[in-house]
Amino acid sequence: MGNGTSIGRVRGLGSSHEGAHHWLVQRFTAIGNLVLVVWLLASLLMMPDYGYATIHGWLARPVPATAMILLIVSTFWHARLGLQVLAEDYVHENGSKFAVRALLNSIPLAGAVFGIVSVIRIALGGA
Amino acid sequence: MGNKGNTMAQASNRPLSPHLQIWRWGPAMLVSILHRATGDGLAVAGLGLLLWWLGALASGPEAYATFTHWVWAADPGNALQVAANVLGKIVLIGLSWAFFQHLASGLRHFVLDIGAGYELNANARWSIMTIVASALATIAFWAFVLLR
């Protein structure tokens, strides 16, 4: 590109060919969030108390541990997609854009892994 | 930068689309902004708090006690924690409202995605309904937690 003509300047800068995928995954994870966060809130409402032994004992069981790990995957993925849209709307300078993309491709993953490791430790009887 | 011929200089000369202060406020605009604000709040504060809670649970009874002391029920005599509890309760109630609002406006988005609900009156009515629903759900949730 770059002989100065209008078409030359925009060629290669168009569709990333993954917008539909982003859009769809945002909706798939939204359904996951709907089911799993409502499950979490309902579970918390039915909890006899919020002490360590009760909560730890509950989350150590297989189904709650599985649901919590699925909740972590779904919510962090959805959050990462949403924050990407926010950045695309308000961050325009190339250097900042790269920095934001780098953060969005590391921090949500790191957070999700920490959450999953915590649930595994609870479920498999550490601590 | 500074080179008039490059794409950056041309991009900065492009007209900007009108932003919030230009438009007359309406329910759809308010709900759209709330959807983004609640989503980003949940992403940062909600998931951050979830990780603190899970990490404390995984680290043992003392770490879990530290979490609950700072967020909800202070160690009596620890003035800093008593103050933090006020913030913690505001954040928790705010996050629950943000979740219910994001859930309601998210369901509205699913309806809009199938091409329904764009008539002006219906659109405004369902926008307002998401706000009503999230307020009622928040009140019901905390009433259940605190009054049972």
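Student: What covers the buried residues of α5(B)?

Tutor: Keep in mind that we're looking at a predicted model. Within α5(B), the buried residues are Trp126(B), Ser127(B), Thr130(B) and Ser134(B). The cover over them includes two helices of chain B, α2 (27–59) and α4 (79–113).

Student: And how far apart are the end C-alpha atoms of α5(B), and does that agree or disagree with the expected span?

Tutor: Helix α5 of chain B runs over residues 120–147, which makes 28 residues. At 1.5 Å a residue the helix should span 40 Å, so the model agrees with expectation: the end C-alpha atoms are apart by 40 Å.

Student: Over to the interface, then. Which element gives the most to the side of chain B that touches chain A?

Tutor: The contact involves 22 residues of chain B and 24 residues of chain A. On the chain B side, the elements giving two or more residues are α2, α3 (61–71), α4 and α5. By class, that side has 14 nonpolar, 6 polar and 2 charged residues. The element that gives the most, with 12 residues, is α2(B).

Student: Are α6(A) and α2(B) roughly parallel or roughly perpendicular to each other?

Tutor: Take helix α6 (residues 107–123) of chain A: its axis and that of α2(B) come within 8 Å and cross at roughly 30 degrees. The crossing is left-handed. Angles under 35 degrees count as roughly parallel, and therefore α6(A) and α2(B) are roughly parallel.

Student: How do the residues of that contact of α6(A) with α2(B) divide by class?

Tutor: From α6(A) come residues including Gly111(A), Phe114(A), Arg121(A) and Ile122(A), and they meet a set in α2(B) that includes Leu47(B), Leu50(B), Leu54(B) and Gly55(B). The contact of α6(A) with α2(B) divides into 9 nonpolar, 4 polar and 1 charged.

Student: What about α3(B) and α4(B): parallel or perpendicular, roughly?

Tutor: Their axes are 6 Å apart, and the helices pack at an angle of about 75 degrees. Angles of 65 to 115 degrees count as roughly perpendicular. So α3(B) and α4(B) are, to each other, roughly perpendicular.

Student: Which residues make that contact?

Tutor: By class there are 3 nonpolar, 3 polar and no charged residues in the contact of α3(B) with α4(B). α4(B) brings Gln81(B), Ala84(B) and Gly88(B), while α3(B) brings His69(B), Trp70(B) and Val71(B).

Student: Last one: is Ala53(A) buried or exposed?

Tutor: Ala53(A) sits in helix α3 (residues 52–59) of chain A. A residue with 12 or fewer C-beta neighbours within 10 Å counts as exposed. Ala53(A) has 10 inside 10 Å, so the residue is exposed.

Key:
Residues are numbered from 1 along each chain as its sequence is written. Chains are lettered from A and ligands numbered from 1 in the order in which they are written. This is a predicted model: local features need pLDDT of at least 70, side-chain atom pairs count only at pLDDT 80 or more; totals for chains, interfaces and linings use all residues. Helices (H or I, at least four residues) and strands (E, at least two) are DSSP runs, numbered from the N terminus. The expected span of a helix is 1.5 Å times one less than its number of residues. A residue is buried if 20 or more other C-beta atoms lie within 10 Å of its own, exposed if 12 or fewer, and partly exposed in between; C-beta atoms are placed from the backbone. Two residues are in contact if their C-beta atoms, placed from the backbone, lie within 7 Å. Ala, Val, Leu, Ile, Met, Phe, Trp, Tyr, Cys and Pro count as nonpolar, Asp, Glu, Lys and Arg as charged, and the others, Gly among them, as polar. Axes are lines fitted to C-alpha atoms, for helices over the stretch in contact, and angles run from 0 to 180 degrees between N-to-C directions. Angles under 35 degrees count as roughly parallel, over 145 as roughly antiparallel, 65 to 115 as roughly perpendicular and the rest as oblique. A crossing is left-handed if the near helix is turned anticlockwise from the far one by less than a right angle, and right-handed if clockwise.
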